[in-house]
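How do the chains of this assembly meet? This report takes the two interfaces in turn, then turns to single residues.

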There are 4 protein chains.
Amino acid sequence: MPMLQTYPATINLDRGKLAAAIDALIGCAEACTACADACLSESSVAELTKCVRTNMDCADICATTARVLSRHTGYDANISRALLEACAMACKSCGDECGAHANMHEHCRICSEACRDCEAACRDLLAAMG
Amino acid sequence: MPMLQTYPATINLDRGKLAAAIDALIGCAEACTACADACLSESSVAELTKCVRTNMDCADICATTARVLSRHTGYDANISRALLEACAMACKSCGDECGAHANMHEHCRICSEACRDCEAACRDLLAAMG
Amino acid sequence: MPMLQTYPATINLDRGKLAAAIDALIGCAEACTACADACLSESSVAELTKCVRTNMDCADICATTARVLSRHTGYDANISRALLEACAMACKSCGDECGAHANMHEHCRICSEACRDCEAACRDLLAAMG
Amino acid sequence: MPMLQTYPATINLDRGKLAAAIDALIGCAEACTACADACLSESSVAELTKCVRTNMDCADICATTARVLSRHTGYDANISRALLEACAMACKSCGDECGAHANMHEHCRICSEACRDCEAACRDLLAAMG
């Protein structure tokens, strides 16, 4: 957020929702990276392979979306919107998958919350973009 | 492509179009990274800032799309489709932007071709996914 | 940090310093991505091209280092150490470059602080690894 | 390589070795991403978790190294060198790990070759840098 305030030109987005989305995206990417690795170290890893994969996709998509949203020079609303849609979908999918193991694995519970928060922040920003 | 043949389970996609898309995505990401840097070293960099930004977005989105398409475990067609849509849009935008400087900068000309090839490969794969 | 506590096996590192390093790396990657873009939108962009490039390198290296440090399965201390050395060097270089423009651009001032904090966190973790 | 020829300023590196390294890095990153996913779909995944992790690290480090080497504006030999050292180490480690399963899994055999080629290309470039 302090960084957003220093951008030397106009930002055509609600800065509060934008900062919230970037923070949620970065937190979700980190949670997914850690959850994928924690799953790999569970003795039940064979039942968690879809979870590992969904975590890896979600981490990559969130990290890229955070980067795109952090750039304002030559802003193209269509790309941001399409990427936010893909990202919200990845977060929903990963939140569901991790949520299914939340009772058994604390890392999945925390990660599923990060995914749901991130999905909400992406949808919030999309709504504000109109 | 040789790597695709070694995947130990079913891939629910046309392997030829999938391999073509992954190759195009990786080539486009590399071209965009190099073009962003070449723009920075042009004396006319002040007129190329939108190009640098579009290149950076396109590089990030293509790299992430290539990764997601390279994973088949727990495949989710909806995420692949949404990401391919966002990626084709970023390639179109970057191909147009670089295309506008193709007469003046050879790196923009090569990059714009890589973007158009990649957009076509993404659309081809999307069409095959139905 | 809460995520670190859920890892189901042993972590052969000081968890406090590890969490501090991961947080600093993620914050630095985000600051560098935003600073590169803010530099592109300055009217003096032609004097900031080295800054943009150093920011892009630092963002990529910090993001990758954060990912590697977030994985503990099959831990290899030599890779973590070599990557932390490269990362501390990139942070030093970017902190110096942004520091040179800190008086003129608030985004460079904030980014240079994030780089110095991150360099210190990397060196701290390296020292703890022995 | 065609892209390298269009860079508008001086490149203080052997362009042939540089192009070879970037190609090898991109190929290795892709092989490692695919091998991690193929391992997840093997029935023996529980014995391949270190392989998945090493693949993920190697993919991330190679992708970042390819990006840094693709930038020439404001070149800093020390960062390139430190990153190439870390990358060669990650490729060695992943080549060894995948090599240990090469007889059983064709994806590990192909990936281990990509890692060894990439390690050699990194060491070649390092030697040329002096």
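In this predicted model, 24 residues of chain B are in contact with 24 residues of chain A. The area buried between chain B and chain A is about 2,200 Å². Carbon and sulfur atoms give 61% of that area. On the side of chain B, Arg53(B), Arg71(B) and Ile79(B) lose the most area to chain A. Together these residues account for 28% of what that side buries.

Charge plays across this interface. The rule finds six salt bridges between chain B and chain A. One of the salt bridges in the model joins Asp60(A) to Arg71(B), with the closest N and O atoms 2.8 Å apart. Arg71(B) is thus named twice: it is among the residues of chain B that lose the most area to chain A, and it forms a salt bridge with Asp60(A). Polar contacts across the interface of chain B and chain A come to 17 residue pairs, both partners at pLDDT 80 or more.

Which elements of chain B supply this side? Two or more residues come from each of helix H3 (49-69) and helix H4 (77-99) of chain B. H3(B) gives the most, with ten residues. By residue type, the side of chain B that touches chain A divides into ten nonpolar, seven polar and seven charged.

Next comes the symmetry of this pair. A rotation of 180° with 0.0 Å of shift along its axis superposes chain B on chain A, with an RMSD of 0.0 Å. The two copies are therefore related as by a two-fold rotation axis. Of the interface residues of chain B, 100% are also interface residues in chain A, so the copies meet through the same surface.

**The interface of chain A and chain C**

Here, 29 residues of chain A are in contact with 29 residues of chain C. The buried area is about 2,400 Å², and carbon and sulfur atoms give 64% of it. In chain A, the residues that lose the most area to chain C are Met3(A), Asp37(A) and Arg67(A). Their joint share is 25% of what that side buries.

The rule finds two salt bridges across the interface of chain A and chain C. The side chains of Arg67(A) and Asp60(C) meet in a salt bridge, at 2.6 Å from N to O. Twelve residue pairs are in polar contact across this interface, both partners at pLDDT 80 or more.

Four helices of chain A each supply at least two residues of the side that touches chain C: H1 (2-5), H2 (15-40), H3 (49-69) and H5 (106-129). The largest share, ten residues, comes from H2(A). This side of chain A divides into 15 nonpolar, seven polar and seven charged residues.

Chain A is superposed on chain C by a rotation of 180° with 0.0 Å of shift along the axis, at an RMSD of 0.0 Å. Ile26(A) comes closest to the rotation axis of the residues of chain A, at 3.8 Å (C-alpha). Since 100% of the interface residues of chain A are also interface residues in chain C, the copies meet through the same surface.

The table sets out the two interfaces.

| Interface | Buried area | Carbon and sulfur share |
|---|---|---|
| Chain B and chain A | about 2,200 Å² | 61% |
| Chain A and chain C | about 2,400 Å² | 64% |

**Two residues of helix H3 in chain B**

Is Arg53(B) buried or exposed? Arg53(B) is buried, because its relative accessible area is 2%, and buried means under 20%. The residue lies in helix H3 of chain B. A polar atom of the side chain of Arg53(B) lies 3.0 Å from the backbone oxygen of Val68(A). Leaving aside neighbours within four places in sequence, Arg53(B) is in contact with Val68(A), Arg71(A), His72(A), Thr73(A), Gly74(A) and Tyr75(A), and also with Asp37(C) and Leu40(C).

Val52(B) also lies in helix H3 of chain B. Val52(B) is buried, with a relative accessible area of 0%. Neighbours within four places aside, Val52(B) is in contact with Ala36(B), Cys39(B), Leu40(B) and Leu40(C). Leu84(B) is 32 residues from Val52(B) along the chain, and their C-alpha atoms are separated by 22 Å.

Conventions:
Residues numbered from 1 in each chain as written. Chains lettered and ligands numbered in written order. Predicted model: local features only at pLDDT ≥ 70, side-chain atom pairs only at ≥ 80, totals over all residues. Heavy atoms only, no water. Contact = heavy atoms within 4.5 Å. Buried area = accessible area lost by both parts, 1.4 Å probe. Salt bridge = Lys/Arg side-chain N within 4 Å of Asp/Glu carboxyl O. Polar contact = N/O pair within 3.5 Å; in protein donor to acceptor, adjacent residues only side chain to side chain. Nonpolar A, V, L, I, M, F, W, Y, C, P; charged D, E, K, R; others polar. Least-squares fit on C-alpha atoms with pLDDT ≥ 70 in both. Buried < 20%, exposed > 50% of the residue type's maximum accessible area, 1.4 Å probe, protein only.
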